[in-house]
Amino acid sequence: MTAGLWPSEIYVYGAIALLTLCSVLTRAGFLLFGDHIPLPDGLRRALRYAPAAALAAIVVPDLLPWRPGEGPVFDLRLLAGLAGIGVFLYTRSAMLVILAGMLVLWGLRWVFG
Amino acid sequence: MSADPAARPDAARAERAAAMRAGMRAVAPTLIATSTWGLVTGVAMVKSGLTESMALAMTLLVYAGSAQLTSLPLIAIGAPLWLVFAAGSVVNLRFVIFGAALHPFFRHLSWPRRLALGYFTTDMSFVLFMPRYQEAAVKGTPEQLGFFVGAAAPGWVVWQSSSILGIFLGAMVPASWSLDFAAVLAVLAITVPLANSRPMVTAILVAAGAAWVSQPLPLRMGLAVAVICGVASGMWAERRQRGRA
C-alpha cells in the first residue's frame, strides 16, 4: 500500500474525529444520559451479537479475499489465521495467537515463495 | 464509627485511596497483554498507511483498540466516513452495555466526571469491577469509585506508551514482513473467545459467511450486511435454544 492511495489528509483526520466521537458516545453516553435512555431487554440481548459479528466480518476479506473479476481467491493468510485460531483454543493466549500466526505465515511464504 | 462530620471527608479519601491501590493491584497482571495489544495496534496504524502524526492523533483521541483495528482497512480503501463511524460504533457497542451496568454506581457524580469515567472505561476495568461490586447494597461509594479508577488508569498509561512505541517501530519495519497481518490475528484473538455459546457461534459464522459472499459489494458495504445477518441469526438461534429448553 502506498501513500498515494490516500485520498487526502482531511479524510483521515475526519475519520479520526468521528471515531473519537464514537468512543465518547459509546463509552460515556450511558453514564451521561442513562437516566433518559430506555434500553429494553430484547435490544440489550440483540446488541450482544453485533460486536462479534462485526469483528468476524472485518477479518474475512483478509483471510478469504475476493478479487474483482476473479472471484474468490486462496491466500496463505487463511492457513495462518486458522493456525492462530487453533493456538487460541489450545492456549487461550492472545499473544501466542499473534506470534504463531506470524510464524506460520512467514514459514508458508518461505516454502511456497 | 465517628459521628463527627468533619472527620468524614478524610475517611472517604482514605477509603478511596485504599480501593484505588486495590484496583491497581487487580489490573497489574493484565497489563502485559494490554501492552502487546497497544504495540500491535501502533504498528498496524502505520502499516495501513497512516502517517506518524495521524497515528499519534488516533491513539491519543480514539483510545479503542478494536475500533481502531476495524476502521483501518476501511480508511485504507477510502470507505465513506459514515461507514467508518458505523463500524467503529458497532465494535464499541459492548461499551454501551458496560455503561448501562456502571450507571447506578456513578450516576451521582457531576457530568464532567461521568464523561471522564466513561471515556477511560476499559474492558479490563469493567471485568474486574462488576463481579466485585454488582451485589453491593449501596451503589456509589468512594470505595467503588476508587477501585474503578485504580483499575482503569494504568491501562491508559500502558496502552498509550506501547502504542506510541509501536508507531515508531512500525515505521522502521519493512512492508515485506507483513506486520499488518498481526492486526488481523489480534482481531481474531478478540473474536474467538466471544464464541462462548451456541447462538454466539451461529452469529459469528453467519456474519463471516455473509461477509465472504458480499465482498463484491462496493466500499466494504458487506460489513453492514454481515452485522445485520449476524445479529438476526444470533437472535434466531437464541430463541430456538430457549424454545427447546
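Domain bounds here come from an automatic or database domain assignment, and the structure in which they are drawn is a predicted model.

**Exercise 1.** State which domains chain A is given, and find how far apart their C-alpha centres lie.

*Solution.* Begin with the assignment, which gives chain A a domain 1 that covers 1–37 and a domain 2 that covers 40–113. Then take the C-alpha centres of domain 1 of chain A and domain 2 of chain A, which lie 25 Å apart.

**Exercise 2.** Locate R92(A), and decide whether R92(A) is buried or exposed.

*Solution.* Look first at the loop between α3 (76–91) and α4 (94–112) of chain A, where R92(A) is found. In this residue, which is not a glycine, phi has a positive value near 60°. Finally, count the neighbours: R92(A) has 12 C-beta neighbours inside 10 Å and therefore counts as exposed, since the cut-off for exposed is 12 or fewer.

**Exercise 3.** Do the same for Y63(B): locate the residue, and decide whether Y63(B) is buried or exposed.

*Solution.* Y63(B) sits in the loop of chain B between α3 (52–62) and α4 (65–76), and its phi is positive, near 45°, although the residue is not a glycine. Because 22 other C-beta atoms lie within 10 Å, Y63(B) is buried, the cut-off for buried being 20 or more.

**Exercise 4.** Describe chain B as a whole, from its secondary structure to its contacts.

*Solution.* Chain B has 12 helices and zero strands. Its C-alpha atoms fill a box of roughly 70 × 55 × 30 Å along the principal axes, and of its 245 residues 46% are buried. Among contacts in chain B with a separation of 6 or more, 74% join residues 24 or more positions apart.

Terms used: Residues are numbered from 1 along each chain as its sequence is written. Chains are lettered from A and ligands numbered from 1 in the order in which they are written. This is a predicted model: local features need pLDDT of at least 70, side-chain atom pairs count only at pLDDT 80 or more; totals for chains, interfaces and linings use all residues. Helices (H or I, at least four residues) and strands (E, at least two) are DSSP runs, numbered from the N terminus. Two residues are in contact if their C-beta atoms, placed from the backbone, lie within 7 Å.
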